[in-house]
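Trainee: I would like a close look at a single part of this model, namely one pair of packed helices. Please describe their geometry and the residues involved.

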Amino acid sequence: MTLPPKINAACSAFFARCASPRQLFFAAAACFPAFMLQRNLAVLAAETACFFLLALARRGKINALSPLAVLACVTAFGALTPYGRVWFRVGSFPVTFPALAGGLRRALLLDGMVFLSQFAVSPRLTLPGRAGAVLAGVFACLDRLTSGAPPLAAKAAFARGGFAGLFRALDARLYEAYYQVPPLADEPPLPKPQTSGIRLRQTRRPAASLLLVLPPLLMYAALFLPHG
């Protein structure tokens, strides 16, 4: 799924104007515990949909087929272990509502975590310290692995060389993603800009404060909704 160029440019300008990549990363990290602890299935589905829209707005392009496949497969496998009240039957196999709801919850959690990480991680993300630089490099690798198209499709690689061809294509993809990450060499810090003794004041925008604070607060407040 791809946004139109004008909408993509407007969304990119909005995120660049409102908050830095580091601020967006920590805002997404604050949402993560509330998302994992959510027991209300309807709220969980709504949060996953919001994460999808946020990731699409920030990236401009998202592969929607993989999340749908994960949603269908994990939900179906969850229903294979029936327990509780029988909802309906497929032939002689009983499909119970608790098993189906449990599989759907696990699928929404997986998809939501992927969307949240796609929103939080960007190539311009920098974290403080040496450990932060290593972590930013890992996130940059993850960003390249999940956003770009592989050099050789898995089906074509398997058709050409079987499992050996598939593993060669996977190795080439990992190699490409890793060596595109900037090296973590000890470089001298960039010089600070000269301000000629004038102290520059950073303006804070209300939209940035709402974008960073309101979603985590709403998600933690939603934990108190009934989930029966």
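Mentor: The following account treats one helix pair and some of its residues. This is a predicted model, in which local features need pLDDT of at least 70 and side-chain atom pairs count only at pLDDT 80 or more, while totals for chains, interfaces and linings use all residues. Residues are numbered from 1 along each chain as its sequence is written, and side-chain values use heavy atoms, with hydrogens and water left out.

Helices here are DSSP runs of H or I with at least four residues, numbered from the N terminus. The axes of H2 (residues 21–37) and H3 (residues 41–59) come within 12 Å and cross at roughly 165°; such axes are lines fitted to C-alpha atoms over the stretch in contact, with angles from 0 to 180 degrees between N-to-C directions. H2 and H3 are therefore roughly antiparallel, a term for angles over 145 degrees. Their crossing is left-handed, that is, the near helix is turned anticlockwise from the far one by less than a right angle. H2 contributes Pro 21, Leu 24, Cys 31 and Phe 35 to the contact, and H3 contributes Leu 44, Glu 47, Thr 48, Phe 51 and Arg 58, where contact means heavy atoms within 4.5 Å.

Within H2, Cys 31 is buried at 5% relative accessible area, buried being under 20%, exposed over 50% and partly exposed in between (1.4 Å probe, protein chains only). Leu 41, in H3, is partly exposed at 28%. Leaving aside neighbours within four places in sequence, Leu 41 touches Ala 101, Leu 104, Arg 105 and Leu 108. Leu 41 and Leu 104 are 63 residues apart in sequence, yet 8.2 Å apart in space, C-alpha to C-alpha.

Methods
Helix = DSSP H or I, 4+ residues; strand = E, 2+ residues; numbered from the N terminus. Parallel < 35°, antiparallel > 145°, perpendicular 65-115°, else oblique.
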